[in-house]
Every structure is written in structure tokens, then in C-alpha cells.
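Here are some notes to read alongside the model, written for someone meeting it for the first time. Keep the viewer open and follow the points in order.

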Amino acid sequence: MTSKPKVYFTKEIKSEKLIEIYNKLEIKLQGNIAVKVHTGERGNKNFLKPEFMKPLVDYLDGTIVETTSSGPLTLCSRSTYEKHKQVLEEHGWTKTFKKVEILDTEQPDEELDIPNGIMLKKNYIGSKTKNFDGFLVLAHFKGHAMGGFGGALKQLSIGFGSRLGKTLMHSGGKSRDPEEFMKTICPDKDFKECMADAAFSVVNKFKGKMVFINVMKDISIDCDCDGNAKPPCMKDIGILASTDPVAIDKACLDLIYKSEDPGKKELIERIKKKLGPHIIECSVQLGTGCADYELVNID
């Protein structure tokens with residue numbers, strides 16, 4: 001009988017707790033380690049700040065990695081290497097860390113097959129992923145205008161996707177043109193299925209070389225990709241870590257639903273309206289991870 005994946009939890013949102021909770025994980029990353037984060041759209045106030053994660057990144061001798069955003073070049077502040085580099089500087093990433101890489105600045109993208117995909121049969125990620133031996137996916141858990149919520153699975157799908165990969169996900173596999181982004185956005189259900197397909201392809205490629213940390217602080221109904229995101233609607237909850245991306249996202253959702261914070265109503269409405277939990281269902285179907293988990297409090 002297969003045991004439930006462990007999801008470690010602490011209420012203390014401190015830099016030193018990031019290191020402590022990482023060391024609880026069953027997988028220890030080796031070699032050249034990438035730390036996948038969301039560095040924040042210009043104007044966003046809620047993204048996890050580089051100073052907070054610096055002790056853990058230094059502990060791993062890791063490289064902060066990101067990808068360019070999707071959508072028309074004129075609308076997104078991170079849609080080209082030059083524009084994204086400027087935002088990285090404005091948000092303190094290049095000042096705080098010596099090693100910062102944008103994964104999809106060299107063509108061609110890396111193509112990943114998804115033979116059993118629900119919506120997509122191919123996914124495209126940044127070509128520079130091949131330069132790394134292990135990945136810490138360090139996600140800020142919060143709401144999302146299209147996904148309902150964003151955590152580990154969102155980072156694995158949209159977060160790793162190149163501009164082409166992101167365009168395919170947002171269009172339900174129908175468009176390869178980022179400039180047509182606003183005209184080809186697919187229905188909510190299809191989008192979750194595309195995200196689940198893409199997340200599976202990344203986990204499948206890097207199996208045994210990935211770990212996940214979700215930080216539940218500054219929890220807005222909006223994502224860090226929104227330059228006009230609403231202020232946080234809930235009090236901070238804590239830090240979670242796991243080797244299973246489905247389990248960690250499901251644990252975060254459960255903590256939201258079980259919270260006594262009245263601010264959860266606004267976030268839950270966003271999650272339900274955008275069919276957020278469907279990505280969990282699809283990810284279980286694809287075999288990306290398990291939604292049944294053991295929560296281990298390390299405090």
C-alpha cells in the first residue's frame with residue numbers, strides 16, 4: 001500500500017523556517033539548483049520579496065529562475081528579456097542575488113510530449129531548463145484571475161512555460177501567437193485542463209529532481225502577475241513543503257476552506273468561480289501527484 005505524501009507545515013513565516021522546512025523533505029536537491037519563483041509584475045505589491053528567500057537560496061547555492069510573460073508585447077512589463085530584466089532590477093532581484101536567469105530567452109524552446117494529455121499533446125518550456133540538475137519550486141500561494149488560485153501547479157505550468165507554452169495553455173491549444181492572446185483565451189474548464197497537462201509534462205521530465213514550497217502570506221484574490229492586484233484579503237497562514245505538487249496545493253486549499261478568517265469568503269468565491277479545484281482533479285487523473293496527504297506540523 002502506497003503511503004500518503006507528506007506535506008510539512010509551519011505557521012512561522014520566517015526566512016530560517018524556509019531552510020528548516022526544506023530540510024524535512026525526503027528529496028535533497030543536488031548539483032546546479034534552480035529556484036523557480038514569481039518575481040512580480042510591475043506595480044504588484046504582494047509578491048514574495050527576494051530578501052525573504054535569500055537565506056534559503058544561498059543555502060542551496062541556487063539560481064533564481066523565471067520566464068517571460070504571455071500576452072501582447074505592449075501590455076506586459078515582462079514580455080521580453082529587456083523589459084523583464086528591468087522589472088527584476090526594480091523589484092530587487094538582481095541586487096539581492098548574483099545568479100538570476102530567464103529560462104526562455106534562447107530559441108528553440110524545449111518541447112515536451114504529453115501523449116495522454118487531456119487538452120494538450122505538447123508543452124513548451126524555456127530551453128535553459130536543461131542547464132539545471134534540480135528545481136525548488138517556491139510558490140506564493142494566492143488567488144488568480146484565470147486559475148482561481150496559484151500555487152505549485154500554476155508555477156509548474158504557466159511558470160515554466162515559454163511564451164509559446166503559455167499561449168497554448170491560455171488558448172486551449174488553439175493558438176501559437178502571443179499577440180493574439182486576448183482574442184483566443186479559452187473557457188475556465190479548458191484552461192485548468194491545459195494547466196494540468198503542462199504541469200504533468202514538467203513533473204514527468206524532472207521526476208525525483210523537484211521539491212515544492214508554498215508560502216501563504218499576503219494572500220490576495222489576485223496573482224503576482226497582476227500589476228493592480230487587490231490587497232491581501234486574509235491573514236497570513238504559514239509555509240508548506242512537499243515533494244508532491246498536488247498534495248501541497250490541496251493542503252493549501254484545505255487550509256483556506258477551514259480558516260476562521262472572514263476574508264476567506266472573497267478568495268473562495270474567486271476559486272469557485274474560476275473552477276480552481278478542477279486542476280487538482282485533472283492532475284490526479286494524469287498521475288502528477290496525490291490529493292490525499294498527511295499534514296505534518298513542524299512547530
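1. A word on terms before we start. A residue is called buried when its relative accessible area is under 20%, exposed when that area is over 50%, and partly exposed in between, with a 1.4 Å probe and protein chains only. Helices (H or I, at least four residues) and strands (E, at least two) are DSSP runs, numbered from the N terminus. With that in hand, look at helix α10 (residues 278-286), where His 278, Ile 279, Ile 280, Cys 282, Ser 283 and Leu 286 are buried.

2. Please keep in mind that this is a predicted model, in which local features need pLDDT of at least 70 and side-chain atom pairs count only at pLDDT 80 or more, while totals for chains, interfaces and linings use all residues. Residues are numbered from 1 along each chain as its sequence is written, and side-chain values use heavy atoms, with hydrogens and water left out.

3. Staying with α10, what covers its buried residues? The cover includes β9 (148-150), α5, α7 (188-205) and α8 (245-258), where contact means heavy atoms within 4.5 Å. Just after α10, Gly 287 takes a positive phi of about 90 degrees.

4. Now the sheet. Its 8 strands form an open sheet with mixed pairing, in the order β4-β3-β2-β7-β10-β11-β1-β12; two strands count as paired if DSSP finds at least two bridges between them. β4 (100-102) and β12 (294-297) each have a single partner strand, so these edge strands have one side left without a neighbour in the sheet. From one strand to the next, the twist averages 25 degrees. Axes here are lines fitted to C-alpha atoms, for helices over the stretch in contact, and angles run from 0 to 180 degrees between N-to-C directions.

5. Two helices are worth finding against this sheet. Helix α2 (residues 50-60) packs on it and touches β2 (33-36), β3 (63-66), β7 (134-140), β10 (210-216) and β11 (238-242). The direction of α2 makes about 170 degrees with that of β7. Helix α5 (residues 152-159) also packs on the sheet, touching β2, β7 and β10, and its direction makes about 115 degrees with that of β7.

6. β7 is a good strand to trace residue by residue. It is mostly covered, with 7 of its 7 residues buried. Gly 134, Leu 136, Leu 138 and His 140 lie on one side, Phe 135, Val 137 and Ala 139 on the other, and both faces are covered. β7 pairs in the parallel sense with β2 over 4 bridges and with β10 over 6 bridges. Phe 135 appears in both pairings: it is the bridge partner of Ala 34 and stands opposite Met 210 in β10.

7. Which way do β10 and β11 run? They are antiparallel, joined by 5 bridges, and Asn 214 has Leu 240 of β11 as its bridge partner. In β11, 5 of the 5 residues are buried, so the strand is largely enclosed by the rest of the structure. Gly 238, Leu 240 and Ser 242 point one way from β11, while Ile 239 and Ala 241 point the other way.

8. β1 (residues 6-10) sits between β11 and β12 in the strand order, and 4 of its 5 residues are buried. β1 runs antiparallel to β11, with 4 bridges, but pairs with β12 in the parallel sense, also over 4 bridges. Tyr 8 makes the arrangement easy to see: its bridge partner in β11 is Ala 241, and it stands opposite Val 296 in β12. Elsewhere along β1, Thr 10 stands opposite Ile 239 in β11, and Lys 6 has Glu 294 of β12 as its bridge partner.

9. Finally, the largest pocket. It is lined by 31 residues, and Ser 70, Cys 76, Arg 78, Phe 181 and Cys 225 lie nearest its centre. How do the lining residues divide? There are 12 nonpolar, 11 polar and 8 charged, where Ala, Val, Leu, Ile, Met, Phe, Trp, Tyr, Cys and Pro count as nonpolar, Asp, Glu, Lys and Arg as charged, and the others, Gly among them, as polar. A pocket is an open set of points on a 1 Å grid over the protein atoms alone, where a 1.4 Å probe fits, with protein on both sides within 12 Å along at least five of seven lines; lining residues have an atom within 4 Å of a point.
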